[in-house]
Structures are given as structure tokens and as C-alpha cells.
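I sat down with this one to see what the charges and the chain path look like. These are my notes, in the order I looked things up.

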Amino acid sequence: MLLNSKGKHRRPSKATRIAALAGVTGAAVAVPLMGATNASAASVATWDAVAQCESGGNWSINTGNGYYGGLQFSQSSWAAAGGTQYASRADLASKDQQIATAEKLLDMQGPGAWACAGAGGLTNDGVDPGVSTGSGQSQEAQPERKAEQPTTRSEQRSAPKAEKKAESKKTVTTPTGEKVQKGDGEYKVKTGDTLSKIAQKQGVKGGWSKLFDLNDDIVKDANLIFPGQQLHLK
């Protein structure tokens, strides 16, 4: 049985990274790809850099999207590279066990198996990470902890929008496009209003000058108030 030499271990949207077995389903035993004759290795620091890009450096992450652990193994690539000897999924294995499995996948497929290979500086540099994989299955008996959800790009994009929305609630736009403070008073300025008219209509003692003093934090010129501003009357 030969592994598909075109297979990669990550989702197609980043790079085609599923280590599939030709004509075989389920768990598989990893065998070297044709042409992968030289042992490959990378330092722990390099794998840390790749994991930082792939998962924010969270080695136990499981977001429920079918990719697990710090290096975001698909289930098929985890099995194909022999990771199931340590744990059923990558997020249940230790960091050292994930790196040991990644070393095998690197040997089989090269750096291209990770979309973050460039960001992490991953190459076949031949540096033995020297990790200790322990006795295996070390984390299987432990209750699976809920991994923190990484911030998605859509969430990152929505944050500035939320800030702008919050800002828009505190300002009004003048006819010239300038933004001025909205205020939080009980009277909402309407088209055609002036401080004098409002003071007279609302019975403000002290007239327009008192109204101006009450709202000097948002009204900078007694002759300029704008529809939508909310003025204090007392």
C-alpha cells in the first residue's frame, strides 16, 4: 500500500494536506513515500513557530473543524504518520508526541504538508528535535478539556465594525459631514431648533444662555446645534 504522494495533511482551502491511503479506509500504518529516502527533521523551535501560525501555539486545541493539536493534523494524516500509537487524536497527545509524529509526516511529504511552513521557517534542516514521546496514550485517560476557540478572521474584521457602531451612538453627523458629540440629555434636537426656541418651548429658566451652559460639553457654539443631539434641560 502506498500513500498518495500528492496528499497533504491540512484542509484544501489552505493547502491540500490529507495523507490518504490509496484504496484503503480507516486506520493505517505509515509507510515512506516513494522518493522520500532522506530522513527529515526540524528543531523544536521551528515546530513551535509552525504551531504558533497554525493554532496560536495551542497544542491541545480542538475547535471541532476536523483538525487537531498544535500542528493541526487531520485524522487521516495523524494515523498515517503513526500518531495513533500515542493518542487517538493529535490534541490528546503531548507536544513531544505531536512533534515526533510531525517529524514522520515531514519525512514523508516535506514542508509543503503545512500551510504555515513558510511562516514557521520549516525546512528539512536535519536538526533532531530530541523530543521524548513517553509511554504513549498518556493523555487519553484524562478528561478532554475544552480548547479555547482561536479568534477567527471574521471575528477580527467584526471588531472594528463594533467599535465604529459604538462610536456612532455617541456622535451625530452634521450636514457638512463633520461628526459632533451627541450627548445624553432628555431633549432631542429637531430640524429648525435653536437654543432660544428650545429654552422658550421647554420653559428653561435662564433662557438660551442657561441651556448653553448646561450643554457646553457638546455645544461649542451657541448658534450651532444639530438635529439628533440630545440636550439637558436642567
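Where is the place of Lys188? I found Lys188 in strand 5, residues 187-188. Strands here are DSSP runs (E, at least two residues) and helices are DSSP runs too (H or I, at least four), numbered from the N terminus.

Note to self on the source: this is a predicted model, local features need pLDDT of at least 70, side-chain atom pairs count only at pLDDT 80 or more, and totals for chains, interfaces and linings use all residues. Residues are numbered from 1 along each chain as its sequence is written, and side-chain values use heavy atoms, with hydrogens and water left out.

**Entry: Lys188 and its surroundings**

I checked the cover on Lys188, and it is partly exposed at a relative accessible area of 49%. The cut-offs are under 20% for buried, over 50% for exposed and partly exposed in between, with a 1.4 Å probe and protein chains only. Then I listed its contacts (heavy atoms within 4.5 Å). Leaving aside neighbours within four places in sequence, Lys188 touches Asp193, Gly228, Gln229 and Gln230. I also took a C-alpha distance: Lys188 and His232 are 44 residues apart along the chain and separated by 9.1 Å.

**Entry: charge patches**

Which residues gather with Lys188 in a patch of positive charge on the surface? They are Lys190, Lys197 and Lys201. A patch takes residues with over 30% relative accessible area and no salt bridge, and joins like charges within 9 Å; the rule for nonpolar side chains (Val, Leu, Ile, Met, Phe, Trp, Tyr) is within 5 Å. Lys and Arg count as positive, Asp and Glu as negative, while His and the chain ends are not counted. Each charge is placed at NZ of Lys, CZ of Arg, CG of Asp or CD of Glu. From this patch I looked up Lys197, which is in helix 6 (residues 195-202) and is partly exposed at 47% relative accessibility.

There is a patch of negative charge on the surface as well, made of Asp184, Glu186, Asp213, Asp216 and Asp217. Asp216 is in the loop between helix 7 (207-214) and strand 6 (230-231), and at 48% relative accessibility I logged Asp216 as partly exposed.

**Entry: salt bridges**

How many salt bridges does the structure hold? I get two, counting a side-chain nitrogen of Lys or Arg within 4 Å of a carboxyl oxygen of Asp or Glu.

One is Asp48 with Lys95, where the closest N and O atoms are 2.8 Å apart. Asp48 is in helix 1 (residues 44-55) and Lys95 in helix 3 (residues 95-109), so this pair ties together parts that are 47 residues apart in sequence. Asp48 is partly exposed at 28%, and Lys95 is partly exposed at 29%.

The other is Arg89 with Asp91, with 2.9 Å between the closest N and O atoms. Are Arg89 and Asp91 buried or exposed? I have both down as buried.

**Entry: a few pairs along the chain**

Val44 is also in helix 1 and is partly exposed at 26% relative accessibility. Val44 and Ile99 are 55 residues apart in sequence, yet 7.7 Å apart in space, C-alpha to C-alpha.

In helix 3 I picked Leu106, which is buried with a relative accessible area of 1%. Leu106 and Leu122 are 16 residues apart in sequence and 9.4 Å apart, C-alpha to C-alpha.

**Entry: around strands 1 and 2**

Gly66 sits in the loop between helix 1 and strand 1 and is partly exposed at 28%. Beyond its neighbours within four places in sequence, Gly66 is in contact with Phe73, Ser74 and Gln75. Gln72 made me look twice: its phi is positive, about 50°, although it is not a glycine. Gln72 lies in the loop between strand 1 (67-68) and strand 2 (73-74) and is buried at 7%.

**Entry: whole protein**

I count seven helices and six strands, and along the sequence they run α-β-β-α-α-α-α-β-β-β-α-α-β. Of the 234 residues, 38% are buried. Among contacts between residues at least 6 apart in sequence, 62% join residues at least 24 apart. The protein exposes about 13300 Å², with 52% of it from carbon and sulfur atoms. Those areas come from the Shrake-Rupley method with a 1.4 Å probe; for residues, only the protein chains shown count as cover.
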